[in-house]
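Here are my notes on the model you sent round. Have it open while you read, and tell me where you'd look next.

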Amino acid sequence: MTQKPKGMIGLLDRLATFARTYHEVDRRENPHRFVGSPDGLGNEFLFVENVARMLGCGVDFVRRIPRSELPASKIGARLIYRRADVVAFINSRRDQGTGAKLVSVRKVRTRVATEPLQLVAPEGGGAFDPVRYVRSLKKAESQRDDKSKAQC
């Protein structure tokens with residue numbers, strides 16, 4: 001075996017130490033990158049970053065998904081998901097193409113008055129009184145409602 005100069009051995013030792021240290025720091029800061037490694041979680045379990053990548057969304061969105069829809073285990077400060085649960089969540093959200101879509105309930109806008117708003121002084125003279133005008137609209141609306149109830 002050939003002898004290596006002393007300076008070269010010291011340099012290689014420092015490089016190996018740096019690589020091991022960097023690897024350990026990287027494992028602590030980014031454990032989601034090491035899921036498939038032999039000493040990691042294996043292929044069955046995922047970190048929140050892996051789930052976000054699978055769903056194509058952000059980590060915050062994954063954290064806001066209720067646990068009733070996407071079960072998770074909390075170990076320390078980390079959330080761990082089973083791959084089967086993530087796949088089941090994706091399948092539950094699948095659009096079957098039946099045409100029925102979930103639409104949030106919206107209030108239907110109703111017209112308050114059928115006549116255009118009168119923003120100037122009335123024809124009979126005097127100043128415009130907005131309170132009297134709104135009361136007259138409500139009175140007319142209640143009369144229409146009474147007539148429609150009587151017809152039914």
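1. Start at Ala52: leaving aside residues up to four places away in sequence, Ala52 touches Cys57, Gly58, Val59 and Val62. Contact here means heavy atoms within 4.5 Å. Keep in mind that this is a predicted model, where local features need pLDDT of at least 70, side-chain atom pairs count only at pLDDT 80 or more, and totals for chains, interfaces and linings use all residues. Numbering runs from 1 along each chain as its sequence is written, and side-chain values use heavy atoms, with hydrogens and water left out.

2. Ala52 has buried company in α2 (48-55): Val48, Glu49, Asn50 and Val51. Buried is under 20% relative accessible area, exposed over 50%, partly exposed in between (1.4 Å probe, protein chains only). Helices (H or I, at least four residues) and strands (E, at least two) are DSSP runs, numbered from the N terminus. The buried α2 residues pack against β1 (45-47), α3 (59-64), β3 and α4. Just after α2, Gly56 has a positive phi of about 75°.

3. Now the largest nonpolar core (buried Ala, Val, Leu, Ile, Met, Phe, Trp, Tyr and Cys residues joined through side-chain atoms within 4.5 Å). That core has 12 residues, among them Leu46, Ala52, Val62, Tyr81 and Phe89. Two or more residues each come from α2, β3 (78-82) and α4 (83-92), and α2 gives the largest share, 3 residues.

4. Buried or exposed: which is Tyr22? Tyr22 lies in helix α1 (residues 6-29) and is exposed, at 52% relative accessible area.
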